[in-house]
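The following paragraphs walk through a protein model, moving between single residues and whole elements. Please keep the coordinates open while reading.

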Amino acid sequence: MEQLQSFTESLPELLAWFGVLVAGAVPFVESYFGSVIGVVAGVHPAAAIPVAILGNAVTMLVLVMGAGAARGRLASDEPTEPSSRRRKLRRMFDRFGVPGVSLLGQSVLPSQITAAAMVSFGASRSAVIGWQLVSITLWGVAFGLLAVTGMTVADLG
């Protein structure tokens, strides 16, 4: 996180959004911490939040499309024993469906991983993409606004 923030702060003002885009694309940083990095690095929130969301959304889309293609090719292969994380995600998917995993899953695993896993479980790519975009946007806006609020409170003190 600190390296991404330093990278973003080191860029010329007109390119700082690029650092936020890169941060948003990184799993486990995503739109929520990407928007925070942008706000803390001095990028205006009206730019930092959407750019972090865009970075996260692009990598999620690439992985969902790849997972859909891989699922088709691997459907005939011999099944292997799933990992404990995959079993946990599958239980969550069976219980809450695409909307629940999309909205809550980012608190456990990156959106890129949860989205690809849901597609591999047989969920509709369009449903996964739609709900992931909603989730990525909500998390990015929420954390971006929290960062703006925190920066405002820090400036008052």
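Val153 is exposed, its relative accessible area being 52%, and the cut-off for that label is over 50%. This residue belongs to helix 7. Its C-alpha atom is separated by 21 Å from that of Glu2, which lies 151 residues away along the chain. The model is a predicted one, and the values quoted here are computed from it.

Helix 7, which covers residues 125-156, also holds residues that are buried. Ile129 is in this helix and has a relative accessible area of 17%. Because buried means under 20%, Ile129 falls into that class. Its C-alpha atom is 6.9 Å from that of Leu61, although the two are 68 residues apart along the chain. With residues up to four places away in sequence not counted, Ile129 touches Met60, Leu61, Val64 and Met65.

Gly140 is another residue of helix 7, and at 0% relative accessibility it counts as buried. The C-alpha atoms of Gly140 and Gly24 are separated by 9.0 Å, with their positions 116 residues apart along the chain. Leaving aside neighbours within four places in sequence, the contacts of Gly140 are Ser31, Tyr32, Ser35, Ile49 and Ile53.

One of these partners, Ser35, leads to helix 3. Ser35 is located in that helix and is likewise buried, at 0% relative accessibility. Besides Gly140, Ser35 touches Phe143 and Gly144, together with Ala48, Ile49 and Ala52, again not counting residues up to four places away in sequence. Ile49 therefore appears in the contact lists of both Gly140 and Ser35.

How many of the eleven residues of helix 3 are buried? Eight are, so this helix is largely enclosed by the rest of the structure. They are Glu30, Ser31, Tyr32, Gly34, Ser35, Ile37, Gly38 and Val39. Three of the names in that list, Ser31, Tyr32 and Ser35, are also contacts of Gly140.

Both sides of helix 3 merit a look at the backbone. In the loop between helix 2 (16-25) and helix 3 (30-40) sits Phe28, a residue with a positive phi of about 75° although it is not a glycine. Glu30, which is part of helix 3, also takes a positive phi, near 55°, and is not a glycine either. Glu30 is charged by residue type, yet its relative accessibility is 0%, so it counts as buried. Just after the helix, Gly42 has a positive phi of about 100°.

Helix 5 raises a question of geometry. What does helix 5 span between its end C-alpha atoms, and what would a straight helix of 21 residues span? The straight helix would span 30 Å at 1.5 Å a residue, whereas helix 5 spans only 18 Å. A kink of about 120° is found in helix 5 at Gly97, shortly before the proline Pro99. The buried residues of this helix are Leu89, Met92, Phe93, Val98, Gly100, Val101 and Ser102. An α-helix has 3.6 residues a turn, so residues three or four places apart point the same way.

How are helix 5 and helix 6 oriented towards each other? The axes of helix 5 (residues 84-104) and helix 6 (residues 111-120) come within 10 Å and cross at roughly 95°. The two helices are therefore roughly perpendicular to each other, since angles of 65 to 115 degrees are given that label. On the side of helix 5, the contact is made by Arg86, Leu89, Phe93, Val98, Val101 and Ser102; they meet Thr114, Ala117, Met118 and Ser120 in helix 6. By type, the residues of this contact divide into six nonpolar, three polar and one charged. Several of the helix 5 residues in this contact are also buried, among them Leu89, Phe93 and Val98.

These parts can now be placed in the whole chain. Its secondary structure comes to seven helices and zero strands, in the pattern α-α-α-α-α-α-α along the sequence. The C-alpha trace spans about 60 × 30 × 25 Å along its principal axes. Of the 157 residues, 37% are buried. Among contacts between residues at least 6 apart in sequence, 72% join residues at least 24 apart. The pairing of Gly140 with Ser35 is one of the contacts between helix 7 and helix 3.

Definitions and conventions. Residues numbered from 1 in each chain as written. Predicted model: local features only at pLDDT ≥ 70, side-chain atom pairs only at ≥ 80, totals over all residues. Heavy atoms only, no water. Helix = DSSP H or I, 4+ residues; strand = E, 2+ residues; numbered from the N terminus. Buried < 20%, exposed > 50% of the residue type's maximum accessible area, 1.4 Å probe, protein only. Axes fitted to C-alpha atoms, helices over the stretch in contact; angles between N-to-C directions. Parallel < 35°, antiparallel > 145°, perpendicular 65-115°, else oblique. Contact = heavy atoms within 4.5 Å. Expected span 1.5 Å × (residues − 1). Bend = angle between axes of the 7 residues up to and from the residue.
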